[in-house]
Amino acid sequence: MRHYVSRQDQLPVDASSWQKAPWNEISSQKLTCHMGEPPLHFPDTRVKLAYDDQAIYLMFRVQDRYIRALARTDQDRVYQDSCVEFFFTPGLDPEQGYFNLEMNCGGTILFHFQTLPRQNPVEIPVSDCARILRDASLPKVVSPEVQDPVLWFLSASIPFDLLSSYTAVIHPEQGKAWRANFYKCADNTSHPHWLTWAPVDLPAPDFHQPQAFGTLCFQ
């Protein structure tokens with residue numbers, strides 16, 4: 001799996017910008033794979049990426065149902081809520097370690113650096129999490145669960161100098177590449193699901209599979 005990431009200037013971190021310039025001209029990827037049994041609810045989930053000199057930017061668009069968001073504080077268990085995730089190695093070698101950025105639909109995040117899958121994770125301090133700008137179209141708390149169809153968006157930016165505090169970073173520019181995968185989950189909702197962009201060939205859900213990451217090619 002490959003995705004080509006364009007360079008942009010002055011990208012807003014704004015959940016309402018999916019169809020506004022310059023986001024409207026950036027191509028998206030759809031999450032079409034799943035882990036575990038085929039889910040009863042398979043939300044249409046798409047993501048866009050771009051970068052500039054300071055940060056990588058991403059925006060998710062999710063046509064969803066059975067939505068909840070209970071995690072209020074960064075580093076809470078956001079994956080139990082309606083959640084989108086960006087797992088990535090800032091280079092081509094997943095053995096150098098990878099980051100897992102998990103964001104519920106209200107914009108609360110969980111952010112770790114892993115040298116090996118599920119072994120000795122480095123929990124990024126909350127003060128560093130605050131440097132990840134984000135904007136959500138839904139309230140921070142969604143409770144009780146919303147069962148009706150809802151279209152929601154989440155936008156975020158990740159500074160390169162924040163990442164370089166934890167590992168070596170290949171700075172994006174034309175011809176460079178990172179490895180990554182995108183996920184959608186909702187572990188503790190009434191309709192749990194585990195969706196992926198790059199396929200992960202396992203019978204049970206486990207997103208910590210860096211060997212299955214796709215490639216982000218910078219333009």
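I start from the accessibility cut-offs, by which a residue is buried under 20% relative accessible area, exposed over 50% and partly exposed in between. I keep in mind throughout that the model I am reading is predicted.

**Entry 1, a salt bridge beside helix 2.** I looked up the pair aspartate 161 and arginine 131, whose side chains meet in a salt bridge at 2.8 Å from N to O. This pair links distant parts of the chain, for aspartate 161 sits in helix 2 (residues 160–163) and arginine 131 in the loop between helix 1 (126–129) and strand 11 (133–136), 30 residues apart. Is aspartate 161 buried or exposed, or does it fall in between? Its relative accessibility is 45%, so I enter aspartate 161 as partly exposed. Arginine 131 has a relative accessible area of 35% and is therefore partly exposed.

**Entry 2, the shared network.** I next noted that Lys30, Asp44, Arg46 and Arg61 are joined into one network by salt bridges that share partners. Within that topic I checked arginine 46 and aspartate 44, which form a salt bridge whose closest N and O atoms are 2.7 Å apart. Arginine 46 is partly exposed because its relative accessible area is 26%, and aspartate 44 counts as partly exposed because its relative accessibility is 21%. For the whole structure, my search returned ten salt bridges.

**Entry 3, a buried salt bridge.** I then turned to arginine 68 and aspartate 81, which form a salt bridge with the closest N and O atoms 3.0 Å apart. This pair too links distant parts of the chain, with arginine 68 in strand 6 (residues 67–69) and aspartate 81 in the loop between strand 6 and strand 7, 13 residues apart. I recorded both arginine 68 and aspartate 81 as buried.

**Entry 4, aromatic pairs.** How many aromatic pairs does the rule give? I count 18 aromatic pairs. One that I followed up is tyrosine 98 with phenylalanine 213, an edge-to-face pair at 5.8 Å centre to centre with 90 degrees between the planes. Tyrosine 98 lies in strand 8, whereas phenylalanine 213 lies in the loop between strand 15 (194–196) and strand 16 (214–218), so far along the chain that the pair is listed as linking distant parts, 115 residues apart. I have tyrosine 98 and phenylalanine 213 both down as buried. Another pair, phenylalanine 99 with phenylalanine 113, is tilted, at 4.8 Å centre to centre and 50 degrees between the planes. Here strand 8 holds phenylalanine 99 and strand 9 holds phenylalanine 113, 14 residues apart, and both of these phenylalanines are buried.

**Entry 5, the largest pocket.** I noted about 240 Å³ of space in the largest pocket. Its lining consists of 15 residues, and those nearest the centre are Tyr79, Glu102, Arg118, Asp187 and His208. Strand 7 (83–89), strand 8 (98–104) and strand 9 (109–114) are the elements that give two or more residues to this lining. By class, I entered the lining residues as seven nonpolar, three polar and five charged.

**Entry 6, histidine 3.** Last, I looked up histidine 3, which is placed in strand 1 (residues 2–7). Why does histidine 3 count as buried? Its relative accessibility is 1%, and the cut-off for buried is under 20%. Leaving out residues up to four places away in sequence, I listed the residues that histidine 3 touches as Ser27, Gln29, Leu49, Trp197, Thr215, Leu216 and Cys217.

Key
Residues numbered from 1 in each chain as written. Predicted model: local features only at pLDDT ≥ 70, side-chain atom pairs only at ≥ 80, totals over all residues. Heavy atoms only, no water. 1 Å grid on protein atoms, 1.4 Å probe; cavity = no way out; pocket = protein on both sides within 12 Å on 5 of 7 lines; lining within 4 Å. Points joined across faces, edges and corners; volume = space filled by probe spheres on them. Helix = DSSP H or I, 4+ residues; strand = E, 2+ residues; numbered from the N terminus. Nonpolar A, V, L, I, M, F, W, Y, C, P; charged D, E, K, R; others polar. Buried < 20%, exposed > 50% of the residue type's maximum accessible area, 1.4 Å probe, protein only. Contact = heavy atoms within 4.5 Å. Salt bridge = Lys/Arg side-chain N within 4 Å of Asp/Glu carboxyl O. Phe/Tyr/Trp six-rings, centres within 6.5 Å; stacked < 30°, edge-to-face > 60°.
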